[in-house]
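Colleague: I have a protein and DNA model open in front of me, and I would like to learn how to read it. Could you take me through it step by step?

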Protein chains: 2
Amino acid sequence: MTSVNDASQTDHVARLLGEALRRVRQEILSTSEEHFPGLRVSHYRLLELIPPEGARITDLAEVALMTKQGLGQHVDYLQKLGYTTSDRLPEDRRVRLVRRTTTGDAAVAYSHAAIARIEQTWSTRLGPTRYATLRQTLQELGATP
Amino acid sequence: MTSVNDASQTDHVARLLGEALRRVRQEILSTSEEHFPGLRVSHYRLLELIPPEGARITDLAEVALMTKQGLGQHVDYLQKLGYTTSDRLPEDRRVRLVRRTTTGDAAVAYSHAAIARIEQTWSTRLGPTRYATLRQTLQELGATP
DNA sequence: TATTGTTATACTCTATAACTATA
DNA sequence: TATAGTTATAGAGTATAACAATA
């Protein structure tokens, strides 16, 4: 059998992807608490989805592949800690427009920097060409449904 | 451009890895319940760590990067559902040796088949050479500490 | 009536702390 | 005293169902 069908050593792609992702999360969390108290990886993931002009909870939930209830809980938490604000829209008072605060912006920059450090490490380790290929390939897989 | 950030701003490696992993998990879960009731992705991950001769909870916890308490909970659950058995070692009655049942073996085979289907899909999509390169590269990153 | 968001509740995953049994 | 595992408890992440306010 080819290596594709032989997963008996548990060296399958799920493990490989999981391990890589674990390192990224670890890098984000390593100095997170001292800079942005209360933020966890799930919050960074949400914060970076918010565009400068703000977004509705329903739309954020859709992009995040979450229910709006689940997403709403995160938004409440982030707002309480000062990473986001929200206002009802005058033209449709059902809608809450969620925006990042300056601190929220800094938090996104922080997580992007952490991810960039990992990318740098991997790029150095593999050489820029091989790393670019990895990235390109993952992107292609993500783009196809 | 929608009201929410488009991919270009959040197209870092964390998102790419997360999306790929999400698909693997989805493939495992798609027909899991009908074949192996009660099993979730975390259980498949644990089951495949158990060698044929069995393993101690403490050792499994170390390999799984979990606490022995957390791991013990999963083992209790798996045993109640008939996917594992366990016996105290005669030579050290503190130790519980956990083994997979035949059904547990089948569950591991099922999850490996699901992962192999994803690998096959990706291999077809990228061509076998590019997919092999992706796999090889991820493996290399996982191997280096 | 349909949609936006909230409240209430529960399940899943995993952790920390304190404990029991055995060595 | 040290180690293997258990019990008790809690926090984090996310879900479903029922609801309220607004359109």
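Colleague: Let me start with B:Q69: which atom of DNA strand C is 2.7 Å from an N or O atom in its side chain?

Modeller: Here the idea to learn is the polar contact, a pair of N or O atoms within 3.5 Å; within protein, one must be able to donate a hydrogen and the other to accept it, and residues adjacent in sequence count only if both atoms are side-chain atoms. In this predicted model, the partner of the B:Q69 side chain is a base nitrogen of DNA strand C. Phosphate oxygens of DNA strand C take part too: one is 2.2 Å from an N or O atom in the side chain of A:R96, and one is 3.3 Å from an N or O atom in the side chain of B:H74.

Colleague: What should I keep in mind about the numbering and the model itself?

Modeller: Residues are numbered from 1 along each chain as its sequence is written, while chains are lettered from A and ligands numbered from 1 in the order in which they are written. The model is predicted, so local features need pLDDT of at least 70 and side-chain atom pairs count only at pLDDT 80 or more, whereas totals for chains, interfaces and linings use all residues; side-chain values use heavy atoms, with hydrogens and water left out.

Colleague: How many residues surround DNA strand C?

Modeller: A residue is near a strand if one of its heavy atoms lies within 4 Å of it. For DNA strand C there are 23, and the closest are A:T58, A:K68, A:R96, B:R40 and B:Q69. By class, this surface has four nonpolar, nine polar and 10 charged residues. Here Ala, Val, Leu, Ile, Met, Phe, Trp, Tyr, Cys and Pro count as nonpolar, Asp, Glu, Lys and Arg as charged, and the others, Gly among them, as polar.

Colleague: And what does DNA strand D touch?

Modeller: Around DNA strand D there are 23 residues, of which A:R40, B:T58, B:K68, B:R94 and B:R96 come nearest. Of the strand D atoms within 4 Å of the protein, 59% belong to sugar or phosphate and the rest to bases. A base oxygen of strand D is 2.6 Å from an N or O atom in the side chain of B:R94. Backbone atoms join in as well: an N or O atom of the A:T67 backbone lies 3.1 Å from a phosphate oxygen, and a polar backbone atom of A:R93 is 2.8 Å from a phosphate oxygen.

Colleague: How do I read the interface between the two protein chains?

Modeller: Begin with contact, meaning heavy atoms within 4.5 Å. By that rule, 50 residues of chain A are in contact with 41 residues of chain B. Next look for salt bridges, each a side-chain nitrogen of Lys or Arg within 4 Å of a carboxyl oxygen of Asp or Glu. Chains A and B have two between them. B:E140 forms one with A:R130, where the closest N and O atoms are 2.9 Å apart. The side of chain A that touches chain B divides into 25 nonpolar, 13 polar and 12 charged residues.

Colleague: What rotation superposes chain A on chain B?

Modeller: Two copies of a chain are related by a rotation about an axis and a shift along it. Copies are superposed by least squares on the C-alpha atoms of residues with pLDDT of at least 70 in both. For chains A and B, the rotation is 180° with 0.0 Å of shift along its axis (RMSD 0.1 Å). That is the relation of a two-fold axis. The same surface serves both copies, as 76% of the contact residues of chain A recur in chain B.
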